[in-house]
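Welcome, and thank you for opening the viewer. Let us take a walk through this protein, one selection at a time.

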Amino acid sequence: MASPYLIAHAVTSGAVAAVTATLASTPAAGDAVLAFIATNGGVFSSLADSKSGTWALVVAETTDFVVDCYRRTAGTALASGDTVTYTATATGEPTIALAGVPGFSSVDKTGTGLSASTAAPTASTAATTAAPEVALAYFVTANGAGGTTWAGGWTSLLAAEHDATASGPWHTLAWQAETVTGIVTASGTTSVAGKFGGVLVTAVQVVTAGLATGTGSALAPAAMVAVTTGLAPATGVAQ
């Protein structure tokens, strides 16, 4: 199962309403692009890219910290040098992180986390319905809390302070492979207790297997049966 990867991220300094991330690399063809965004001022207003793509909401935590995940669902493929801009309805310290997800098929479960003060941020989903899946968690911790140190099994993709001050909020992004169905929990610790908001999403991944010899083209399910079992497609009769 291929690993998610960081495409770009951006933070802000001072009270602003928008943040723009510039892609340093081109996402692999066919990979899904997820945008994780957050602000401590206002709520979501818009998410737009330089290729005029369409973005669909996956999950949002809007009770206190505004932390969202969006998936790019249509538009000309993004490439190195393209930009993605998140705009909130009021000034704050907005942030954005873009992740590529290979083999993305569909969103399965989502979850959110929120605490007025904690040194152990966590978020969980309902039980997943498929395997394999990949889970991505995006946690935002308030001033002075520092970045999240993720629990075992989670691989960090990003840990960055929102601004240039030593006490600014942090945003952190991590992923974990899910090989069996069940409840998915993302958790970690921070250096001190602070306000926390986060989102968690699991996505069904297509396993790269069953490629026709020498072509790189996926075999139809019936043909896959013949390859893996020796049974004639759709009949169950040995060839």
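Begin with the largest pocket, whose volume is about 260 Å³. Keep in mind as you look around that this is a predicted model. Which residues should you select to find the middle of this pocket? Pick Gly-30, Asp-31, Ala-32, Val-33 and Arg-72, which lie nearest its centre among the 15 lining residues.

Now colour the strands around this pocket. Both β3 (32-39) and β6 (66-74) supply at least two residues each to its lining. Which strand gives the most to the lining? Select β6, which contributes 4 residues.

Zoom out for a moment to take in the whole protein. In cartoon view you will find 1 helix and 16 strands. Of the 239 residues, 45% are buried. Switch on the surface, and about 10000 Å² is exposed, with carbon and sulfur atoms supplying 56% of that area. If you display contacts between residues at least 6 apart in sequence, 74% of them join residues at least 24 apart.

Next, select the three-stranded sheet. Its strands run in the order β2-β7-β4, forming an open sheet with antiparallel pairing. At its edges you will see β2 (16-22) and β4 (44-49), each of which pairs on one side only. From one strand to the next, the twist averages 15°. Stay on β4 and add β7 (residues 83-92): these two pair in the antiparallel sense over 5 bridges. Which residue of β7 stands opposite Leu-47? Show side chains here and you will find Tyr-86 facing it across the pairing.

Move on to the five-stranded sheet. This open, antiparallel sheet has the strand order β9-β16-β11-β14-β13. Look at its two edges, β9 and β13 (155-161): each has a single partner strand, so one side of each is left without a neighbour in the sheet. The twist here averages 15° from one strand to the next. Inside the sheet, select β11 (residues 133-141) together with β14 (residues 170-178), an antiparallel pair joined over 9 bridges. Within this pair, Leu-136 stands opposite Trp-175 in β14.

Now go back to the edge strand β9 (residues 104-118) and click on Gly-113, which lies in it. Is Gly-113 buried or exposed? Its relative accessibility is 5%, and because buried means under 20%, Gly-113 counts as buried. Show its surroundings: leaving out residues up to four places away in sequence, Gly-113 touches Glu-61, Thr-122, Ala-123, Phe-196, Gly-197 and Gly-198. Add Val-199 as well, and draw a line between the C-alpha atoms: Gly-113 and Val-199 are 86 residues apart along the chain, yet 6.3 Å separates these atoms.

One of the contacts of Gly-113 is Glu-61, so follow that link as the last stop. Glu-61 sits in strand β5 (residues 54-61). At 5% relative accessibility, Glu-61 also counts as buried. What does Glu-61 touch, not counting residues up to four places away in sequence? Select Val-66, Val-67, Asp-68, Thr-112, Gly-113, Leu-114, Gly-198 and Val-199 to see its contacts. For a final distance, join the C-alpha atoms of Glu-61 and Leu-114: they are 7.8 Å apart in space and 53 residues apart in sequence.

Definitions and conventions:
Residues numbered from 1 in each chain as written. Predicted model: local features only at pLDDT ≥ 70, side-chain atom pairs only at ≥ 80, totals over all residues. Heavy atoms only, no water. Buried < 20%, exposed > 50% of the residue type's maximum accessible area, 1.4 Å probe, protein only. Contact = heavy atoms within 4.5 Å. Areas by Shrake-Rupley, 256 points an atom, 1.4 Å probe, with all protein chains shown as cover. Pairing = 2+ DSSP bridges. Axes fitted to C-alpha atoms, helices over the stretch in contact; angles between N-to-C directions. 1 Å grid on protein atoms, 1.4 Å probe; cavity = no way out; pocket = protein on both sides within 12 Å on 5 of 7 lines; lining within 4 Å. Points joined across faces, edges and corners; volume = space filled by probe spheres on them.
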